[in-house]
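Thanks for asking me to look this over. My notes follow as numbered points, with the sequence and structure here for reference.

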Amino acid sequence: MSFYVYVLGSLNKDKFITYVGYTNNLVKRLNLHNVGKGAKFTRGRQWKVLYRERFRTENEAKSREYYIKKNRKFRNFIKKKFG
């Protein structure tokens, strides 16, 4: 089974915001975010996947998710490149 770390992007009141998460089914997880059943922060917005990485284990994915969430420089790079 594969796990994915992903960065989602959404335009909210002229401000581009991002969200970082991990999952084992990226398509299903994106759909949950877009219908308001994902994380509380993502409700009420339309999201698109800006970036993803694939991992073999859940622990690898969690570790990378944590790193990306804390690394503001990387997230700003993703925002500039894809937003």
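1. Let me start with a pairing of side chains: Arg 64 and Glu 53 form a salt bridge, with 2.8 Å from N to O. Please keep in mind as you read on that this is a predicted model. The pair links distant parts of the chain, since Arg 64 belongs to helix H2 (residues 58-70) and Glu 53 to strand E3 (residues 48-55), 11 residues apart.

2. How covered are the two partners? Arg 64 has a relative accessible area of 22%, so it is partly exposed. Glu 53 has a relative accessible area of 15% and is therefore buried. The cut-off matters for this pair, because buried means under 20% relative accessible area.

3. The structure holds three salt bridges, so it is worth going through the other two as well. In one of them, the side chains of Glu 58 and Lys 62 meet at 3.9 Å, N to O. That distance still counts because the criterion is a nitrogen within 4 Å of a carboxyl oxygen. Both residues sit in helix H2, four residues apart, which is about one turn of the helix. Glu 58 is partly exposed at 33% relative accessibility, and Lys 62 is partly exposed too, with a relative accessible area of 37%.

4. The remaining bridge joins the side chains of Lys 69 and Glu 65, with an N to O distance of 3.3 Å. These two residues are also in helix H2, and because they are four residues apart, about one helical turn separates them. What is the burial state of each partner, Lys 69 and Glu 65? Lys 69 is partly exposed, with a relative accessible area of 37%, whereas Glu 65 is buried, at 12%.

5. Staying with helix H2, please take a look at Ile 68, which is found there. Is Ile 68 buried or exposed? Its relative accessible area is 0%, so Ile 68 is buried. Leaving out residues up to four places away in sequence, Ile 68 touches Val 5, Val 7, Val 20, Tyr 51, Glu 53, Phe 74 and Arg 75. You will recognise Glu 53 in that list as the salt-bridge partner of Arg 64. For a sense of distance, the C-alpha atoms of Ile 68 and Thr 42 are 17 Å apart in space, with their positions 26 residues apart in sequence.

6. Asn 59 offers a contrast within helix H2. At 60% relative accessibility, Asn 59 counts as exposed, whereas Ile 68 is buried. The C-alpha atoms of Asn 59 and Lys 13 are separated by 35 Å, and the two residues are 46 apart along the chain.

7. Moving away from the helix, Ala 39 lies in the loop between helix H1 (26-34) and E3. Which side of the burial cut-off does Ala 39 fall on? With 19% relative accessibility, Ala 39 counts as buried, because the limit is under 20%. Apart from its neighbours within four places in sequence, Ala 39 is in contact with Tyr 19, Arg 29 and His 33. Ala 39 and Thr 57 are 18 residues apart along the chain, and their C-alpha atoms are separated by 22 Å.

8. Now for the overall fold. The protein has three helices and three strands, and along the sequence they follow the pattern β-β-α-β-α-α. The radius of gyration is 12 Å, close to the 12 Å that the globule rule gives for 83 residues, so the protein is as compact as a globular protein of that length. Along its principal axes, the C-alpha trace spans about 35 × 30 × 20 Å.

9. On packing, 40% of the 83 residues count as buried. Among contacts with a separation of 6 or more, residues 24 or more positions apart account for 53%. The salt bridge between Arg 64 and Glu 53 joins residues that are 11 apart.

10. My last point concerns the surface and the charges. The protein exposes about 5,700 Å², and carbon and sulfur atoms supply 49% of that area. How many side chains of each charge does the protein carry? There are 22 positive and 5 negative side chains, and the centres of the two sets lie 6 Å apart.

Terms used. Residues are numbered from 1 along each chain as its sequence is written. This is a predicted model: local features need pLDDT of at least 70, side-chain atom pairs count only at pLDDT 80 or more; totals for chains, interfaces and linings use all residues. Side-chain values use heavy atoms; hydrogens and water are left out. The radius of gyration is taken over C-alpha atoms; the globule rule is 2.2 Å times the number of residues to the power 0.38. Buried means under 20% relative accessible area, exposed over 50%, partly exposed in between (1.4 Å probe, protein chains only). Contact means heavy atoms within 4.5 Å. Accessible areas come from the Shrake-Rupley method with a 1.4 Å probe; for residues, only the protein chains shown count as cover. Lys and Arg count as positive and Asp and Glu as negative; His and the chain ends are not counted. The place of a charge is taken as NZ of Lys, CZ of Arg, CG of Asp or CD of Glu.
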